[in-house]
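Welcome! Let's look at one structure together and ask what stands behind the words used to describe it.

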Amino acid sequence: MDDPVIKKELKRITLGSGILYIMPYTGEIPADDATVENNGNVAGWIKGGAELTYERTIKKIFDDLRKVTRVFTLEELVNFKTGIMTWGLGILSTLISSSTYTDDTTLKKRTLSIGKGGVVAEKEFLLRFVHTFEDGEKLRVQIIGSPTNNFSLKFDPENPTVPDAEFSALSKGGGGELVTITETYK
């Protein structure tokens, strides 16, 4: 392995959290990072780190004598979860598909209404988590997903109220991809 990029990658220790950006998914992923990675899309400051999980269900088939074997992936699941320490009602609305959020600037009053009754279509969001390494290079984890968890708001006099955000990735695009992870390097 004489490639200097690979040598540097093998010495890197990923430590620390990052910034989560959330924006409505409109059917297209913006081509430039700045459209996603701006202050208007910051979900809030993260508490407790972030976690991306990948799970798959495989099926093994083989003949009676075990001479011919094949392995197939039947299902793939990608989830992203984190705690959001600095949040507002607009951010909470992204965690609940059966919610309605309004901001009346005349009355200076924001309202989050939860529950719509009946079957509710899940909202779709573009999520991008950006971790910045010590040298300024970035690791980006991106999914198109829907909120999938329940949450609670615990008001504790000694600890911050940190709602958990969990999103399940949706397969968007012709390739069936669920998550895109990119890394910048020099």
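**Thr 94 and its surroundings**

Q: What makes Ile 22, Phe 125, Pro 147 and Phe 167 contacts of Thr 94?
A: Thr 94 is in contact with these four once its neighbours within four places in sequence are left aside. Contact means that heavy atoms lie within 4.5 Å. This is a predicted model, in which local features need pLDDT of at least 70, side-chain atom pairs count only at pLDDT 80 or more, and totals for chains, interfaces and linings use all residues. Residues are numbered from 1 along each chain as its sequence is written, and side-chain values use heavy atoms, with hydrogens and water left out.

Q: Why is Thr 94 called buried?
A: Its relative accessible area is 9%, so Thr 94 counts as buried (buried is under 20%, exposed is over 50%, and partly exposed is in between, with a 1.4 Å probe and protein chains only). Thr 94 lies in helix 3, residues 89–94. Helices here are DSSP runs of H or I with at least four residues, strands are runs of E with at least two, and both are numbered from the N terminus.

Q: What does the side chain of Thr 94 reach, and at what distance?
A: The side chain of Thr 94 comes to 2.6 Å from the backbone oxygen of Ile 91. A polar contact is a pair of N or O atoms within 3.5 Å; within protein, one must be able to donate a hydrogen and the other to accept it, and residues adjacent in sequence count only if both atoms are side-chain atoms.

**Asn 41 and Tyr 54**

Q: How do you know that Asn 41 is buried?
A: The relative accessible area of Asn 41 is 14%, therefore the residue is classed as buried. Asn 41 sits in the loop between helix 2 and strand 2. A polar atom of its side chain lies 3.0 Å from the backbone oxygen of Val 36. Asn 41 also touches residues including Leu 20, Ile 22 and Met 23.

Q: Is Tyr 54 buried, partly exposed or exposed, and what makes it so?
A: Tyr 54 has 47% relative accessibility, so it counts as partly exposed. Tyr 54 belongs to strand 3, residues 46–62. Its side chain makes a polar contact with that of Glu 76 at 2.6 Å. Tyr 54 touches Leu 77 and Val 78 as well, not counting residues up to four places away in sequence.

**Two hairpins**

Q: How do you know that strand 3 and strand 4 pair?
A: There are 14 bridges between them, in the antiparallel sense, and two strands pair if DSSP finds at least two bridges between them. In this pairing, Phe 62 stands opposite Thr 69 in strand 4. The hairpin has 6 residues between its strands.

Q: What makes Arg 66 stand out in the turn of that hairpin?
A: Arg 66 has a positive phi of about 60° although it is not a glycine. Most residues other than glycine have a negative phi. With 55% relative accessibility, Arg 66 counts as exposed.

Q: How many bridges join strand 5 to strand 6, and which way do the strands run?
A: Strand 5 (residues 99–104) and strand 6 (residues 109–114) are joined by 6 bridges and run antiparallel. Thr 102 stands opposite Thr 111 in strand 6. The hairpin has 4 residues between the strands, and Lys 108 there takes a positive phi near 55°.

Q: Why is Lys 108 called exposed?
A: The relative accessibility of Lys 108 is 72%, so the residue counts as exposed.

**The whole chain**

Q: How many helices and strands does the protein chain have?
A: The protein chain has 3 helices and 10 strands.

Q: What shows how spread out the protein chain is?
A: Its radius of gyration is 20 Å, well over the 16 Å that the globule rule gives for 186 residues, so the protein chain is more spread out than a compact globule. The radius is taken over C-alpha atoms, and the rule is 2.2 Å times the number of residues to the power 0.38. Along its principal axes, the C-alpha trace spans about 70 × 45 × 40 Å. Of the 186 residues, 28% are buried.

Q: Where is confidence lowest and where is it highest?
A: Confidence is lowest in helix 1 (residues 4–11), at a mean of 63, and highest in helix 2 (residues 33–36), at 95. The mean pLDDT of the protein chain is 89, and 92% of its residues reach 70 or more; pLDDT is the predictor's confidence in each residue, from 0 to 100.
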